[in-house]
Amino acid sequence: MPTSVPRPGRRRATAALTVLASAAALALPSATAHAAGPQRAGADAPSAPSGTPPTAYVDVAVATVWTGPDSPRPVDAPALTDPVHPDAWQRAMTGEQQKELVSEGLTQTQVQYGRPVYVLEKKDGWSKVALPDQASPKNPLGYPGWIPDAQLTRNAHYGAVSAHRPFALVDKHLKTQLYDDPQLRSENLRIGVNTRLPVLGRTGKAVRVDTPDQGPKWLSAGEVSLHRRESDIPRPSGDDLVRFAKKFLGLPYLWGGRSGFGVDCSGLTSTVYQAQGIELPRDADAQALHAGGRKVAKDDLAPGDLLFYAHDSGTGAIYHVALYVGDDKMIEAHDLKPVRISRARFDADYWGAMRYLP
């Protein structure tokens, strides 16, 4: 995506539960412990510069960040509510309405459940925000745009827990389920890949996490990986990046999409890298110019490299990015089609490739 275009009440488990050795290795509390305050370094939340605006947290499965409060159309109503209905929203749009998201630049990006946003301005039931975990030259505080107030919450306690606890990263499937109980029987909220929630404890098959709006809930231990902080996510190989990217095959294209419900080209690549512990800017042009990468010759391509395409025979504005698989193939979200493996295109629009691994 180029820069030039954008509940239920709380229930708390009280039964005595066994904490596994794997949880102890992360120094996780028992599953019945309550997160009362700082105990250890946590998810490496971006430190706020002096004078940073107030912080809110996303309290829907995925919040779409709009170009302005007047951007949504009647068909976009399912994307504006709490709870949100991302699958129904995409089914409701015709092909022409999908294209209009692009041609009119109606949406900018998306942000997952529980993530922090800086509130820059409020207007008529909307908040102008910056996303600290999505870098962009558009704003030094993070990617900017507008989110309905209904999809945000202020929760200082959740913020403190997030800053000082290990976190559960949704990284085994594109979507997973939050539950009300440790037996994983009472379904609560369906959340997407790359969601991070602070860990309060775990049992043999479930991880107890805090949420921004409902208090403690549960995730299947087999659906997440646990980390003390962002820097503890194992450094991936190129093959690791490819394997992770293949989880997205068949996922619908969505302009501005950056979740397990839909992605655009740079939403795919930035999510794949971030879930593997490497921060890249949100948009394709900023990824290509990212200081953490280096340009790679076509005959030196390796799995995990990113391929970029630009207007004016590769000399103009970058408009597309794909992830190189190997054997002259790439994974891409392009032309409003689901994520797929394509032949790598080395045509006139090919700008070059970047590598972000050692």
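**Exercise 1. A covered helix**

Which residues of α6 are buried? Work through the helix and see how much of it is covered.

*Solution.* Keep in mind that this is a predicted model.
- Step 1: Find the helix, since α6 covers 265-275.
- Step 2: Apply the cut-off, where buried means under 20% relative accessible area.
- Step 3: List what passes: Cys 265, Ser 266, Gly 267, Leu 268, Thr 269, Ser 270, Thr 271, Val 272, Tyr 273, Gln 274 and Ala 275.
- Step 4: Do the tally, and 11 of the 11 residues of α6 turn out to be buried.
- Step 5: Look just past the helix, where Gly 277 follows with a positive phi, near 90°.

**Exercise 2. The nonpolar cores**

Find the largest nonpolar core and say which element gives the largest share of it.

*Solution.*
- Step 1: Start with the head count: the largest nonpolar core has 43 residues.
- Step 2: Pick out the residues with the most contacts inside this core, namely Phe 248, Val 272, Tyr 273, Leu 306, Phe 308 and Val 339.
- Step 3: Ask which elements supply two or more residues, and you get α5 (238-245), α6, α7, β18 (306-310), β19 (318-326) and β20 (329-334).
- Step 4: Compare shares: α6 gives the largest, with five residues.
- Step 5: Now zoom in on Tyr 273. Skipping residues up to four places away in sequence, Tyr 273 touches Leu 241, Ile 278, Leu 280, Gly 304, Asp 305, Leu 306, Leu 323 and Tyr 356.
- Step 6: Don't stop at one core, as another of 33 residues lies apart from it, with Val 60, Val 117, Leu 197 and Ala 221 among its members.

**Exercise 3. A small space inside**

Which residues line the largest cavity, and how do they divide into nonpolar, polar and charged?

*Solution.*
- Step 1: Get the volume, which is about 30 Å³.
- Step 2: Walk around the wall and note Val 62, Thr 64, Ala 79, Val 84, Pro 86, Trp 89 and Gln 110.
- Step 3: Sort these lining residues by type: five are nonpolar, two are polar and none is charged.
- Step 4: Check where the wall comes from. Both β2 (62-66) and α2 (86-92) give at least two residues to the lining.

**Exercise 4. Salt bridges, buried or partly exposed**

Take three salt bridges and decide for each partner whether it is buried or partly exposed.

*Solution.*
- Step 1: Set the scene with the total, 16 salt bridges.
- Step 2: Try Asp 180 and Lys 217, whose closest N and O atoms are 2.7 Å apart. Asp 180 sits in the loop between β9 (175-179) and β10 (187-192) and Lys 217 in strand β13 (residues 217-220), so this bridge ties together parts 37 residues apart in sequence. Asp 180 is buried because its relative accessible area is 11%, and Lys 217 counts as buried at 0%.
- Step 3: Move on to Arg 229 and Asp 232, with 3.1 Å between the closest N and O atoms. Arg 229 has a relative accessible area of 22%, so call it partly exposed. Asp 232 has 30%, so it is partly exposed too.
- Step 4: Finish with Asp 300 and Arg 355, which meet at 3.9 Å, N to O. This pair links distant parts of the chain, 55 residues apart: Asp 300 is in the loop between β17 and β18, and Arg 355 is in strand β22 (residues 350-355). Asp 300 is partly exposed at 45%, whereas Arg 355 is buried at 13%.
- Step 5: For a bonus, spot the network in which shared partners join Arg 73, Asp 76 and Glu 100.

**Exercise 5. Two loop residues**

Where are His 290 and Gly 204 found? Describe the surroundings of each.

*Solution.*
- Step 1: Place His 290 in the loop between α7 (284-288) and β17 (294-296).
- Step 2: Judge its accessibility: at 25%, His 290 counts as partly exposed.
- Step 3: List its contacts beyond four places in sequence, which are Glu 279, Leu 280, Pro 281, Met 354 and Tyr 356.
- Step 4: Follow one of these partners. Met 354 is 64 residues from His 290 in sequence, while their C-alpha atoms are 9.1 Å apart.
- Step 5: Place Gly 204 in the loop between β11 (196-202) and β12 (206-209).
- Step 6: Gly 204 is partly exposed because its relative accessible area is 48%.
- Step 7: Relate Gly 204 to Ser 220: they are 16 residues apart in sequence and 9.5 Å apart in space, C-alpha to C-alpha.

Conventions:
Residues numbered from 1 in each chain as written. Predicted model: local features only at pLDDT ≥ 70, side-chain atom pairs only at ≥ 80, totals over all residues. Heavy atoms only, no water. 1 Å grid on protein atoms, 1.4 Å probe; cavity = no way out; pocket = protein on both sides within 12 Å on 5 of 7 lines; lining within 4 Å. Points joined across faces, edges and corners; volume = space filled by probe spheres on them. Helix = DSSP H or I, 4+ residues; strand = E, 2+ residues; numbered from the N terminus. Nonpolar A, V, L, I, M, F, W, Y, C, P; charged D, E, K, R; others polar. Buried < 20%, exposed > 50% of the residue type's maximum accessible area, 1.4 Å probe, protein only. Contact = heavy atoms within 4.5 Å. Core = buried A, V, L, I, M, F, W, Y, C linked by side-chain atoms within 4.5 Å. Salt bridge = Lys/Arg side-chain N within 4 Å of Asp/Glu carboxyl O.
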